[in-house]
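Open the model in a viewer and follow the stops below in order. Each stop names a selection and then says what is found there.

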Amino acid sequence: MPTLDNYKTFLKAHPSYAATSRLDDLRADDYGRLDRAGQIYLDYTGGGIYAESQVRQHQQLLLKGIYGNPHSTNPASHAATAAVENTREYVLRYFHASPDEYDVIFTANASGGLKLVGESYPFRPDDHYLLTFDNHNSVNGIREFAHARGSEVTYIPVALPDMRVVERQLEDAWDKALPGHNNLFAYPAQSNFSSVQHPLEWIERAHARGWDVLLDAAAFAPSNRLDLSVCKPDFVPLSFYKIFGYPTGVGALIARREALAKLRRPWFAGGTITVASVQGDKYYLADGHTAFEDGTVDYLNIPAVEIGLRHIEAIGIEIIHERVSCLTGWMLEHLTAMRHATGVPLVRLYGPTAMQARGGAVTVNFYNTHGQAIDHRAIEEAANRSNISLRTGCFCNPGAGELAMGISRLELAVCFSQPLHEQRLSIDDFRTCIDGKSTGAVRISTGLVTNFNDVQGFLNFAQGLLG
Ligand SMILES: Cc1ncc(COP(=O)(O)O)c(C=O)c1O
């Protein structure tokens, strides 16, 4: 159990934590179920936890209002349209994005926004899609649109142990953009694998060399300020449940209007057109976000996004950031210091050991007294038994995972070229294929209402794994 002495030492090492104490009050008032359940929740990169007041406010809104399908002018439709448009404006304001410069497209999640960019970006032969190894699969997936249209795809590796990009390689790749062609560069503001925060300064440097920039903010936005009056990526996908837990099913693609005008949708759907004709075999897309929101938007849940954003603003994202930094710093210091009696370190960390330019996730593999890796699934099962929610696997980030686990291009090629694996490959087949190497890791991620007891509780659990 966490002791007072531990807490005092922690406060001494991280004095700025004291200024975040309002989050302890908030947790007691608005997230009491976490402590009532006795659960240690440490998967904030997977999904945020919602406050009870968010649900109540949303429920009140629904119980009082009469909302109908927004594609009409009747009063119920008008109420839904107003709620959706107010939320759209609020999203822009939250991210300090000028409405003259940026537009917001509501999607189901970050992946929905990424797919819109992938399918609509005007890739042609000699165009280029450049991305870091460190990317979520929904960013990797865009390469299939690029391949299909004959564009070049280039991956930039990250380097162990910190898992940051060697900038010289990036500079060289930026210089390969052909003038007059469409060049798209995609990277995460924060890695969902290593928690590395890749530099936001890349945006302007890439722009200056002729690249459009897609900044995946899904893992960054929940505990960092993303100020779109300062940095100006072209496309910013995110999921709101990662920021404030509720509602699920709503995300956004925040896009620069100029970049949005460059996209070419592959189809039209209800709600996206001004006119579509059957006999005339022609359609006219609407302007801006309307052209990208297929069918009926989630008009009952979208207003809960404004409630969630107001909730974060009332706390202050800087306070959340500070708390996450202090707690993650403490976890890093203590977890990486744990040793078996044999002197073997308990964990191997994938990512930076210091808090500079990193977020609140700590990704590791555990080792036994003999220095053999313990399967991440066994760690997850042990954590489950201790009522600790964490995440294991490769977190849909295979590029970072392959580098971290030392899985080579050659091994993958041998595996994927086996006739048996031409069409199908299960995760167990894959494990056998790469000779029993680890295919995943354990990710512990802090967030909005993580407290010292959560982190210390996890450290106690880790200590219990020492031989
Ligand atoms: C960095 C990053 N990008 C994209 C996504 C995809 O988000 P979603 O599953 O909500 O579409 C995630 C989800 O974990 C993520 O961490």
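## Two helix pairs

Begin with helix 2 (residues 22-30) and helix 14 (residues 317-337), whose axes come within 10 Å and cross at roughly 95°. This is a predicted model. An angle between 65 and 115 degrees counts as roughly perpendicular, and helix 2 and helix 14 are therefore roughly perpendicular to each other. Show the side chains where they meet: Arg22, Leu23 and Asp24 on helix 2, against Ile319, Ile320 and Arg323 on helix 14. By class, this contact of helix 2 with helix 14 has three nonpolar and three charged residues, and no polar ones.

Next select helix 4 (residues 52-64) together with helix 13 (residues 302-315). Their axes are 10 Å apart, and the packing angle is about 145°. The crossing of helix 4 and helix 13 is right-handed. Helix 4 contributes Ser53, Gln54, Gln57, His58 and Leu61 to the contact, while helix 13 contributes Pro303, Ala304, Ile307, Gly308 and His311. Here the residues of the contact divide into four nonpolar and six polar, with no charged residue.

## After helix 4: Tyr67

Move along the chain to Tyr67, in the loop between helix 4 and helix 5 (75-94). Is Tyr67 buried or exposed, or partly exposed? Its relative accessible area is 24%, so Tyr67 is partly exposed. Display what surrounds Tyr67: leaving aside neighbours within four places in sequence, the contacts are Leu61, Leu62, Ala76, Ala79, Ala80, Ala83, Tyr299 and Leu300. Leu61 also belongs to the contact of helix 4 with helix 13. For a long-range distance, pick the C-alpha atoms of Tyr67 and Leu332: these residues are 265 apart in sequence and 48 Å apart in space.

## Helix 6 and Arg265

Now select helix 6 (residues 110-120). Eight of its eleven residues are buried, so helix 6 is largely enclosed by the rest of the structure. Colour the buried ones: Ala110, Gly113, Leu114, Leu116, Val117, Gly118, Glu119 and Ser120. At the start of helix 6, a side-chain oxygen of Asn109 reaches to within 3.3 Å of the backbone nitrogen of Ser111.

From helix 6, go to Arg265, which touches Leu116, Glu119 and Ser120, among others. Arg265 sits in the loop between helix 12 (257-260) and strand 11 (273-277). What is the relative accessible area of Arg265? The value is 8%; the cut-off for buried is under 20%, so Arg265 is buried. Turn on polar contacts for its side chain. One goes to the side chain of Asp294, at 2.4 Å. A polar atom of the Arg265 side chain also lies 3.1 Å from the backbone oxygen of Ala291. The other residues that Arg265 touches include Thr272, Tyr283, Leu285 and Phe292.

Thr290 is the next selection, in the loop between strand 12 (282-285) and helix 13. With 28% relative accessibility, Thr290 counts as partly exposed. Apart from neighbours within four places in sequence, Thr290 is in contact with Gly271 and Thr272. The C-alpha atoms of Thr290 and Val104 are separated by 9.6 Å, although the two residues are 186 apart along the chain.

## His128

Select His128, in strand 3 (residues 128-132). His128 is buried, at a relative accessible area of 4%. The residues in contact with His128 include Phe123, Ser151, Glu152, Thr154, Lys176, Asn182, Asn183, Leu184 and Trp211.

## Backbone exceptions

Most residues other than glycine have a negative phi, and most peptide bonds are trans. The last four selections depart from this pattern.

- Leu160 and Pro161 are joined by a cis peptide bond, with omega about 0°. Pro161 is in the loop between strand 5 (158-159) and strand 6 (164-165).
- Tyr246 to Pro247 is also a cis peptide bond, with omega near 5°. Look for Pro247 in the loop between helix 11 (240-244) and strand 10 (251-256).
- Ala357 has a positive phi, near 50°. Ala357 lies in the loop between strand 13 (347-349) and strand 14 (361-367) and is partly exposed at 35% relative accessible area.
- Asn387 has a positive phi of about 60°. Its place is the loop between helix 15 (376-385) and strand 16 (388-389), and Asn387 is partly exposed, with a relative accessible area of 32%.

Key. Residues are numbered from 1 along each chain as its sequence is written. This is a predicted model: local features need pLDDT of at least 70, side-chain atom pairs count only at pLDDT 80 or more; totals for chains, interfaces and linings use all residues. Side-chain values use heavy atoms; hydrogens and water are left out. Helices (H or I, at least four residues) and strands (E, at least two) are DSSP runs, numbered from the N terminus. Buried means under 20% relative accessible area, exposed over 50%, partly exposed in between (1.4 Å probe, protein chains only). A polar contact is a pair of N or O atoms within 3.5 Å; within protein, one must be able to donate a hydrogen and the other to accept it, and residues adjacent in sequence count only if both atoms are side-chain atoms. Contact means heavy atoms within 4.5 Å. Axes are lines fitted to C-alpha atoms, for helices over the stretch in contact, and angles run from 0 to 180 degrees between N-to-C directions. Angles under 35 degrees count as roughly parallel, over 145 as roughly antiparallel, 65 to 115 as roughly perpendicular and the rest as oblique. Ala, Val, Leu, Ile, Met, Phe, Trp, Tyr, Cys and Pro count as nonpolar, Asp, Glu, Lys and Arg as charged, and the others, Gly among them, as polar. A crossing is left-handed if the near helix is turned anticlockwise from the far one by less than a right angle, and right-handed if clockwise.
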